[in-house]
Amino acid sequence: INMQNIVPASDVTIASLQELLNSSYVTNEVDAEGRILATTDSGLKVFLTLNEANKLVKFSLGFRIKEDASEEQKLELANRINDKIILVRYAIPTPEVLVADYFLPYAQGIIPTQIINSLKLLDKVCLAGIREHDTDSIVA
């Protein structure tokens, strides 16, 4: 894969994303649900999925939350990070998980370096956001 060529939207598939991750030496695997699980430079595990109807690559990762964290602490953390970090959306979909996600549109095609750069950006932004804004130390 030439990292500068535009991959047309019709060619953006889980298989083509995995091929581009492999060509960039990003450790990854496809799980039973057809999601790519990629490992960032710092060791974060990021799921990549496709929303084909809206032509979006979804990057998502989860952080465990300590069991003794209150509902108020969890919501305050997600809101605090969402207020400060615009690029990534944070939510608490289940009691013990803080999820961060980011969407990359590909309706006009995608440049392979966008995928790699998005992974690197998520790695930095998510870790920094938690370090800076988890004032109650509820992320495990």
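# Worked exercises on a predicted model

The axes of α1 and helix α3 (residues 112-133) come within 10 Å and cross at roughly 70°. The model is predicted. The exercises below start from this helix pair.

## Exercise 1: The helix pair

Task: Classify the crossing of α1 and α3, and state which residues make the contact.

Solution.
- Step 1. Two packed helices are described by the angle between their axes and the distance between the axes.
- Step 2. For α1 and α3 the axes cross at roughly 70°.
- Step 3. Angles of 65 to 115 degrees count as roughly perpendicular. α1 and α3 are therefore roughly perpendicular to each other.
- Step 4. From α1, the residues L17, L20 and L21 take part; they meet P112, I115, I116 and L119 of α3.
- Step 5. Sorted by class, this contact has 7 nonpolar residues, no polar ones and no charged ones.

## Exercise 2: The sheet

Task: Give the strand order of the sheet, its pairing sense and its edge strands.

Solution.
- Step 1. Strands of a sheet pair through backbone hydrogen bonds, either parallel or antiparallel.
- Step 2. Here 6 strands are arranged as β1-β2-β3-β4-β6-β5. The sheet is open, and the pairing is antiparallel.
- Step 3. β1 (28-30) and β5 (89-94) each pair on one side only, which makes them the edge strands.
- Step 4. On average, neighbouring strands are turned by 30° against each other, direction ignored.
- Step 5. Now place the helices. α1 (residues 14-23) lies across β1, β2, β3 and β4 (56-64). Helix α1 runs at about 160° to β1.
- Step 6. Helix α2 (residues 71-84) also packs on the sheet, where α2 touches β5 and β6 (97-105). The directions of α2 and β5 make about 160°.

## Exercise 3: Strand β3 and its neighbours

Task: Describe how β3 pairs with β2 and β4, and find the residue with a positive phi in each hairpin.

Solution.
- Step 1. Take β2 (residues 36-39) with β3 (residues 45-51). They pair in the antiparallel sense over 4 bridges.
- Step 2. Read off the register. I36 stands opposite L48, and A38 stands opposite V46.
- Step 3. The β2 and β3 hairpin has 5 residues between the strands; G43 there takes a positive phi near 100°.
- Step 4. Turn to the other side. β3 pairs with β4 over 5 bridges, again in the antiparallel sense. N51 of β3 faces L56 in β4.
- Step 5. This hairpin has 4 residues between the strands, and K55 takes a positive phi near 55°.

## Exercise 4: Two faces of β3

Task: Sort the side chains of β3 by face, then list what L48 touches.

Solution.
- Step 1. In a regular strand the side chains alternate between the two faces of the sheet.
- Step 2. In β3, V46, L48 and L50 point to one face and are buried. K45, F47, T49 and N51 point to the other face and are not buried.
- Step 3. Check L48. Buried means under 20% relative accessible area, and L48 has 0%.
- Step 4. Leave out residues up to four places away in sequence. L48 then touches I14, L21, R35, I36, A38, V57, K58, F59, I115 and L119.
- Step 5. Combine this with Exercise 1. L21, I115 and L119 are contacts of L48, and they also belong to the α1 and α3 contact.
- Step 6. Add one long-range distance. L48 and D101 are 53 residues apart along the chain, with their C-alpha atoms separated by 9.8 Å.

## Exercise 5: Salt bridges

Task: State how many salt bridges the whole structure has, and work through the pairs of K74, R89 and R35.

Solution.
- Step 1. Side chains of opposite charge can pair when their charged atoms come close.
- Step 2. The search of the whole structure gives 4 salt bridges.
- Step 3. K74 pairs with E71, with the closest N and O atoms 3.6 Å apart. Both sit in α2, 3 residues apart, so about one helical turn separates them. K74 is buried at 5% relative accessibility, whereas E71 is partly exposed at 49%.
- Step 4. R89 and D101 meet at 2.7 Å, N to O. R89 is in β5 and D101 in β6, so this pair ties together parts that are 12 residues apart in sequence. R89 is partly exposed, at 47%; D101 is buried, at 6%.
- Step 5. Salt bridges that share partners join D31, E33 and R35 into one network. Within this network, D31 and R35 meet at 2.7 Å, N to O. R35 is partly exposed, with a relative accessible area of 24%.

Notes: Residues numbered from 1 in each chain as written. Predicted model: local features only at pLDDT ≥ 70, side-chain atom pairs only at ≥ 80, totals over all residues. Heavy atoms only, no water. Pairing = 2+ DSSP bridges. Helix = DSSP H or I, 4+ residues; strand = E, 2+ residues; numbered from the N terminus. Axes fitted to C-alpha atoms, helices over the stretch in contact; angles between N-to-C directions. Contact = heavy atoms within 4.5 Å. Salt bridge = Lys/Arg side-chain N within 4 Å of Asp/Glu carboxyl O. Buried < 20%, exposed > 50% of the residue type's maximum accessible area, 1.4 Å probe, protein only. Parallel < 35°, antiparallel > 145°, perpendicular 65-115°, else oblique. Nonpolar A, V, L, I, M, F, W, Y, C, P; charged D, E, K, R; others polar.
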